[in-house]
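Biologist: I should like to learn how to read a structure of this kind. May we go through it feature by feature?

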Amino acid sequence: MSDWLKKFTNQPNSANEAKERLKLVLIHDRTDINPEVMEKLKDDLLKTISHHIAIEPESVTISMLHEGREQRLVADIPLKHYDRSKVG
Amino acid sequence: MTAKIITVTSGKGGVGKTTATANIAVALAQMGQRVVCLDADIGLRNLDVVLGLENRIVYDLVDVVEGRCRLKQAMIRDKRFDELHLIPAAQTRDKNAVSPSDMMKLGDELREEADWVIIDSPAGIERGFRNAIAPADEILVVTNPDVSAVRDADRIIGLIEAEQKEPAKLIINRMHPEMVQRGDMLDAEDVLELLAIKLIGIVPEDEHVTVSTNVGKPVVLEEKSMAGQAFRNISRRLMGDEVPLLNLEFKDDFLTKLSRIFK
């Protein structure tokens, strides 16, 4: 069903829910990485990176993307903002 | 001329593997091809009843593999097409009676006997599945547009990749166009996006399938059946023809459309 029609009718759409649930399930099935492993991975990554550079731990996101049947782990790690006026 | 070996598999049971195998085989035979169907579901054979050949079984797949009969003796000729044969599965044995290398050897022998060998795989991801795909040149994965069938299809597709086989092609079976239209069933696009493989056909839900299985006469022999038409199209695509997808759009009358919009 087209998006505008969905908004218009305001009907619950179980097919969309099926698709969203399947997306998550398939990522875990394909990679054997569950949410718990992801959290641990994130913690370890944060620790290692913080040794070398200053980052904002609370704004780090790590997610699994898939392109076709390829899985890709994507980490978005914003660096800590420096106030340049105070440096030097 | 040497046969192409096609294996029909799915992961999940009950999605229509045997129906697809029987119908693709009969449709190919209708086009004048020499076809051998092989039921690899040892212990749970069904291809014989779907084809209506259950009363003619003398020897089976395990008899051939264990050397109790010659290959030709286990090939049951179809009632309708002289060039269509079935090698039934054994009913009283289990999957471990046959190995993937037995299947490769059998596949090579069958290549000389036909243009097409269509293998019906058992459900699951174990030995029976591995037996069924071992000799395959091409693999067709059957799924239904529902969460569990798609999930299991994904597992199977991953295992086929790991075996370094040609990428499998997808049959989406038992599609209800009217449910898709009201947003209560995954449509073909959703399923293809999730599984990321090529489509070879969409088969609509069709009461003719149950009736045809009741009497052992595959639905492709039913001229008017939509599912039959879909399976005929799949067979033509296997032959290399470009056949457009069936238009499965649910034909609403104007008033139901209107009432749905304003509900």
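Modeller: The turns below take up confidence, chain A, one helix of chain B and the nonpolar core.

Biologist: What scores does the model have, and what does chain B average in pLDDT?

Modeller: One begins with confidence, since this is a predicted model. It scores ipTM 0.85 and pTM 0.86. Chain B has an average pLDDT of 94, and 94% of its residues score at least 70.

Biologist: How many helices and strands does chain A have, and in which pattern?

Modeller: One counts the elements and then reads their order. Chain A has 3 helices and 2 strands, and along the sequence they follow the pattern α-α-α-β-β. Of its 88 residues, 3% count as buried. Contacts can also be sorted by separation in sequence: among those in chain A between residues at least 6 apart, 38% join residues at least 24 apart.

Biologist: Which domains does the assignment give for chain A, and how many residues of each are in contact?

Modeller: The domain assignment gives domain 1 (1–32) and domain 2 (33–88). Between them, 5 residues of domain 1 are in contact with 5 residues of domain 2. On the domain 1 side, the touching residues comprise 1 nonpolar, 2 polar and 2 charged.

Biologist: Turning to chain B, what should helix α11 span, and how far apart are its end C-alpha atoms?

Modeller: A helix can be checked against the span expected from its number of residues. Helix α11 of chain B covers residues 226–238; at 1.5 Å a residue, its 13 residues should span 18 Å, and the end C-alpha atoms are 19 Å apart, so the two values agree.

Biologist: Which residues of α11(B) are buried, and what covers them?

Modeller: The buried residues are B:A227, B:G228, B:A230, B:F231, B:R232, B:N233, B:I234, B:S235 and B:L238. Their cover includes the strands β1 (4–9), β7 (169–175) and β8 (198–204) of chain B, together with the helices α1 (17–30) and α10 (207–215). Just after α11(B), B:G240 takes a positive phi of about 100°.

Biologist: Which residues have the most contacts inside the largest nonpolar core?

Modeller: That core has 84 residues, and those with the most contacts inside it are B:A25, B:V35, B:V117, B:I118 and B:I119. Its largest share, 8 residues, comes from α1(B), a helix that also helps to cover the buried residues of α11(B).

Biologist: With which residues is B:V117 in contact, leaving aside its neighbours within four places in sequence?

Modeller: With those neighbours set aside, B:V117 is in contact with B:A3, B:I5, B:V36, B:L38, B:G107 and B:L110.

Conventions. Residues numbered from 1 in each chain as written. Chains lettered and ligands numbered in written order. Predicted model: local features only at pLDDT ≥ 70, side-chain atom pairs only at ≥ 80, totals over all residues. pLDDT = per-residue confidence, 0-100. Helix = DSSP H or I, 4+ residues; strand = E, 2+ residues; numbered from the N terminus. Expected span 1.5 Å × (residues − 1). Buried ≥ 20, exposed ≤ 12 C-beta atoms within 10 Å, placed from the backbone. Contact = placed C-beta atoms within 7 Å. Domains from an automatic or database assignment. Nonpolar A, V, L, I, M, F, W, Y, C, P; charged D, E, K, R; others polar. Core = buried A, V, L, I, M, F, W, Y, C linked by C-beta atoms within 7 Å.
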